[in-house]
Amino acid sequence: MPDIDIAVIGAGIVGTSTALWARMRGHRVLLADPNPPGSGTSSGNACTLATYACLPVNDPSVLTGLPKLMVSRDSPLAVSYVHALRNPRWMLSFLANCRAARARTIAGQLADLLSHADAGLNPLIAEAGAEDLVVARGQLSVWSTEAGAQGAEAGLALRQRLGIPFTELSPEQAREMEPGLRLPIERAVHFPAARHIRDPEELVRRMHARFLELGGTWRQSTVTGTRAHDSGVEITLDDGTYTAGHAVLAAGAFSKRVRGAGAERLPLGTERGYHLLYAGEAARVTRPVGWGEGGFYAVPMARGLRLAGTVEIAALEAPENAGRLDYIARKGAEMLGPLPAPDSHWLGFRPTMPDALPVLGPSPTSERIIHAFGHQHLGLTLGGLSGRIVTDLAEGRQPNLDITPFRPSRSFAPL
Ligand SMILES: Cc1cc2nc3c(=O)[nH]c(=O)nc-3n(C[C@H](O)[C@H](O)[C@H](O)COP(=O)(O)OP(=O)(O)OC[C@H]3O[C@@H](n4cnc5c(N)ncnc54)[C@H](O)[C@@H]3O)c2cc1C
């Protein structure tokens, strides 16, 4: 008999959600991470339960704008050409998924998944006693140029077809909703079903604390490898070896580094993103506000005003890019008026497959190892649901939604 039923590798929002779901269902669960729970990419994001955010970064406009994006300092998307040349498989697959028909299919698949997101996360919020961290004021998206407003049309029409609720606002209505906005407003849309978390790291901490209260096992240790056999999986940690019935790989952008789990062969990349925190400035906005052309959100959160977002396609190991932080500071002042010097800054690593879909399902190497990574811009939103789905799979149950688009064995650059 194995030491435990389910071993979860990585204690970000995805891994901790999995551990809590599995423990709530009575399984013997081990959760391992060398770092404190929720302290990685899950800590510094834009805090939004973005159930409306089904449009992938992959978009036909990336194909036409790529050469400019690779050199511009004034764009929310930056691409390191050295990294691109070193990773042709990921880049070519990413570009293949930017074709209009593919982008529409991906949006539909993400919208389906997102429609179940709250049902996957709400029970964990309740179990962890974290309702006080959740704010239900929707999300406001604004565009400040005529070109941006027109460019948003196709995506909004697609969202409408996919059944995502939103309300078009006049510029005056948007300013009434968020009087702190200083940028010109050409178009504004409110997504009423969105919520935000006042402190995502604290949410994961509380979920972790509840997991421990329920008798889960925690090891602050790196998982260096997994070895599957017919009746279970051997998990090697820095400080020992365990046998488990199943292992769930939820190490975010670092999942390829766990040897033997089958992620080594998958085209997992990263979209790096940044935030700046202004401690005393939370009252500048009252809900997450996304600026279309700026590519980032202004979010009122427990620690202050967080300006979070942008995409930098570069290596996990590449140094922090001061130009990206400077961009957010400059654009933040355009969006909200003069701001003091930020109190802190942060770089995080979105785990991103080239087709912008998460990976949820049995590893190509063994049914005993289940993959749960690749949540790109949506891990906070989809972590709870992903935890429930992979717990179902470990139990041999069929999840209550179609997860075939997310299987690890899919083709990542379909023609
Ligand atoms: C700027 C920015 C803004 C964002 N805004 C939003 C948003 O508003 N809404 C939203 O839904 N999403 C948002 N996201 C995306 C979201 O933050 C991520 O998708 C999510 O945090 C990924 O969670 P994870 O658990 O997969 O990874 P992580 O949080 O990175 O957790 C992975 C964990 O695995 C651990 N690990 C690594 N290697 C090992 C190993 N060998 N053994 C054991 N453990 C290991 C790491 O230490 C880490 O703790 C944003 C991301 C960024 C960067």
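How many salt bridges does the count come to? The points below take up this matter and the second largest pocket of what is a predicted model.

1. The count of salt bridges comes to 25. Among them is the pair Glu281 and Arg284, whose side chains meet at 2.8 Å, N to O.

2. A further salt bridge links Arg205 to Glu201, with 3.6 Å between the closest N and O atoms. Both residues belong to helix α9 (residues 200–213), and because they are 4 residues apart there, about one helical turn separates them. Arg205 is partly exposed, at 38% relative accessibility, whereas Glu201, at 13%, is buried.

3. Glu395 and Arg397 also pair through their side chains, at 3.0 Å from N to O. Each partner is partly exposed: the relative accessible area is 27% for Glu395 and 43% for Arg397. Elsewhere, shared partners connect salt bridges into one network that joins Asp132, Asp199, Glu201, Glu202, Arg205, Arg206 and Arg303.

4. The second largest pocket holds about 360 Å³ of space. Its lining comprises 18 residues, of which His83, Asn87, Lys256, Leu268 and Gly269 are the closest to the pocket centre. Two or more lining residues come from each of α4 (88–96) and β14 (269–278); α4 supplies the largest share, 3 residues.

5. By residue class, the lining of this second largest pocket contains 10 nonpolar, 4 polar and 4 charged residues. At least three lining residues are drawn from domain 1 (4–43 + 202–265 + 357–406), and at least three from domain 2 (48–115 + 131–194 + 268–352).

Key
Residues numbered from 1 in each chain as written. Predicted model: local features only at pLDDT ≥ 70, side-chain atom pairs only at ≥ 80, totals over all residues. Heavy atoms only, no water. 1 Å grid on protein atoms, 1.4 Å probe; cavity = no way out; pocket = protein on both sides within 12 Å on 5 of 7 lines; lining within 4 Å. Points joined across faces, edges and corners; volume = space filled by probe spheres on them. Nonpolar A, V, L, I, M, F, W, Y, C, P; charged D, E, K, R; others polar. Domains from an automatic or database assignment. Salt bridge = Lys/Arg side-chain N within 4 Å of Asp/Glu carboxyl O. Buried < 20%, exposed > 50% of the residue type's maximum accessible area, 1.4 Å probe, protein only.
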